[in-house]
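Biologist: I've just opened this one and could use a guided tour. Could you walk me through how the labels are earned?

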Amino acid sequence: MRSIKVSILAALVFSFGTFGVFGPRAFAHDTPTGMHISTKSPQAHAFFEKAMAKMEMLHTADGLENFRKAVQADPQFALGHIFLTFFSQDPTEQVAEREKALATRASAGPEEKLIIDWLANASQAKWVPAIQAMNEALTSYPNDKHLHWLAGWWLQLDQNQSQRAVAMFERVMQIDPKFADAYNEAAYCYARQGDLDKAFADIKRYTELVPNEPNPQDSFAEISRMAGRFDDALTHYRMSLKIDPTFHESQLGLGDTYALMGDQQKARAEYAKAIATGSPVQKVTWSLQLAASYVREGDLAGADKAFTAVVEQAHAKDFANLEAEAYRSMSLYQLESAASLNLLAKAEAVLHEDHKVPQSLLNQELASVLRTRVERALVANNQAANNQAVNNSADNAAKNNELAKATLKQLQTLAEANDADGIITSALHGAAGAVALSVGDFADAVNHFEADESNAISMRSLITAYDKNGQQGNARRLAAKLAALNVPLIEQAVVVPEFRKQRAALAAKTNPALDPRGKYR
Amino acid sequence: MSLGSRISVLILLAAGLAASCEAKQVAVIVDKTNSMSGMSAADLAKVFKFDSHKWPDGRPIILILRDPSTPEMKTAIEKLYHMQAEQFKALLAAHSSGVIIVHSETELLKSVEAIPGAVGLVDVYSINSRVNVLKVDGKLPLEQGYFLQGN
């Protein structure tokens, strides 16, 4: 069982199991560095404390369960409801809890009201009042470590503002130098900004603060992998599993690391171990990563077979978004555009059927399918243009242009109906950038691709757009980043290895001393 | 893993090392007594180019701006002024009575809050509830198609 070290007081409360002897003032959140909680129920207060302690240790399932118990103990506990809105992964629960938080807001304290205003508005994509309330809370309660931690988390994950997020996590460290997850989150922010020295310094501190938890080792491994330090990554994933053999994310991490190192057989062996222990949804999700290992080694027939197996598994479990993702993944590496477009049609058809999967997840996958269709239609157009011998190539090109435009319009409509969804917005920018690039509007292409710069396909196109737009310095910097991109995603698998080969060939051409074949000439 | 990656593994993995460029969205802010809720991009350009001098209620417009090298001002110069930094500085020098240059985001927010008729540009993540945020072409910052967004 993983140990909880941060909130000793909460642990004591539970070990005694006597809520009644503690008045609300006895809890950690009512200290000068804590968040004032206005529930009158000691049980609700204790469950809330435990939930926060669990969340700080990234035991999210346990954390959520304790938030649920807190609001069961006190249904008028508005802050508990809004934290459930924020942390829950279930869209139905998010909406229901938001409404309960708003309905009980009047009984909350001043800080709680600001947090409710912030998170309730954010969950409805009302960004301006959300940010105003968040900043008002941060200004009014500058010594509340949990408030700053929450703000950092929101800015990092929901808003992709890692520079602002890291300032929040550093404030948490100032308030409480032993707040372990602040170092973890800051390390990821720094890694995303490319500042690996600071990332490793923070992650090292994180491992020192909680040496008996698996997650610090898992984080150390993941950041090592992002930095291309694969052997270190393997070492830390193994250390994580030694601390807790049930920490399945580290088992998956071993597979991902071997996949990125190029050892696909070992990758598949490690993935198989992870899949054997995963939940039903994890089994299917991780099987997608296993299937991608065949793409990485160029065995496209093997990839087709593996992805088809995932389609069948996902279909059997009614994981429609994952079934569609498997089709879309197959479409990405097809050499013939017609085959690719056919697979995307199957993916879209799956998403339009009646399923139990939350609509938000179906919409996100639909956005990814549509952006891929735009890209593949434009590739098909290029293939037709390059193959003048084929009859009706001009007709085909016109059809593909129309398909790209119509699909982009479909994606715009989807984005407008899902304004708060970052994945859909990024997909729209990726697709719009591809269309702009195809018609020679390079400045517009740059603007769109920059808004989707985490996608390897958009990164590759952005390099071209920069180059054509006269921004050669940006093109060079981004090319170096893309070549160093180590993320276990299918987009990376279809783009980065080939990009590295082209880059090496170009370097050898421009500087023969770098060409290993030179000595034979 | 980070908390975010635990909740949404692929999103954060996708962000990875490459996501160093964070999109900037610039909010147009006015003091709380200003009754305007929004304006067109064309009217906003007139305000910031000193072609409009008064609000509809007759109060004089006072621009509160930061140094042209700040990210939000770079976005404004690109989207509103369509001019080079030197031309922009010359424009400000020619209209010094209608503009106040401040040196920090905090100073900008406090100035807009305190000066009736003030209007300023600030990174949307810095806004507070002591100022009003104007819509531009019917959209607030972070909405699809918002006018004042840059990188």
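**Helices and strands, label by label**

Modeller: Let's start with helix α2 (residues 42-56) of chain A and helix α3 (residues 60-73) of chain A, which pack at an angle of about 165 degrees with their axes 8 Å apart. Axes are lines fitted to C-alpha atoms, for helices over the stretch in contact, and angles run from 0 to 180 degrees between N-to-C directions.

Biologist: Why is α2(A) called roughly antiparallel to α3(A)?

Modeller: Angles over 145 degrees count as roughly antiparallel (under 35 is roughly parallel, 65 to 115 roughly perpendicular, the rest oblique). The angle here is about 165 degrees, so α2(A) is roughly antiparallel to α3(A). Their contact includes Phe47(A) and Ala51(A) of α2(A) and Phe67(A) and Ala70(A) of α3(A); residues are in contact if their C-beta atoms, placed from the backbone, lie within 7 Å.

Biologist: And what is this model, exactly?

Modeller: It is a predicted model, where local features need pLDDT of at least 70, side-chain atom pairs count only at pLDDT 80 or more, and totals for chains, interfaces and linings use all residues. Residues are numbered from 1 along each chain as its sequence is written, with chains lettered from A and ligands numbered from 1 in the order in which they are written.

Biologist: How many helices and strands does chain A have?

Modeller: Chain A has 26 helices and zero strands. Helices (H or I, at least four residues) and strands (E, at least two) are DSSP runs, numbered from the N terminus.

Biologist: What makes strand β1 (residues 24-31) of chain B largely enclosed?

Modeller: A residue is buried if 20 or more other C-beta atoms, placed from the backbone, lie within 10 Å of its own (exposed if 12 or fewer, partly exposed in between). Six of the eight residues of β1(B) are buried, so the strand is largely enclosed by the rest of the structure. In chain A, buried residues make up 52% of the 521 residues.

Biologist: How do you know that β1(B) pairs with β5(B)?

Modeller: Strands pair if DSSP finds at least two bridges between them. Five bridges join β1(B) to β5(B), running antiparallel, so the definition is met. Val28(B) has Leu121(B) as its bridge partner in β5(B), and Val28(B) also stands opposite Leu134(B) in β6(B).

Biologist: Which way do β3(B) and β5(B) run, parallel or antiparallel?

Modeller: Parallel, with three bridges joining strand β3 (residues 62-65) of chain B to strand β5 (residues 118-123) of chain B. Leu63(B) stands opposite Val119(B) in β5(B), and in β4(B) the bridge partner of Leu63(B) is Val99(B).

Conventions:
Contact = placed C-beta atoms within 7 Å.
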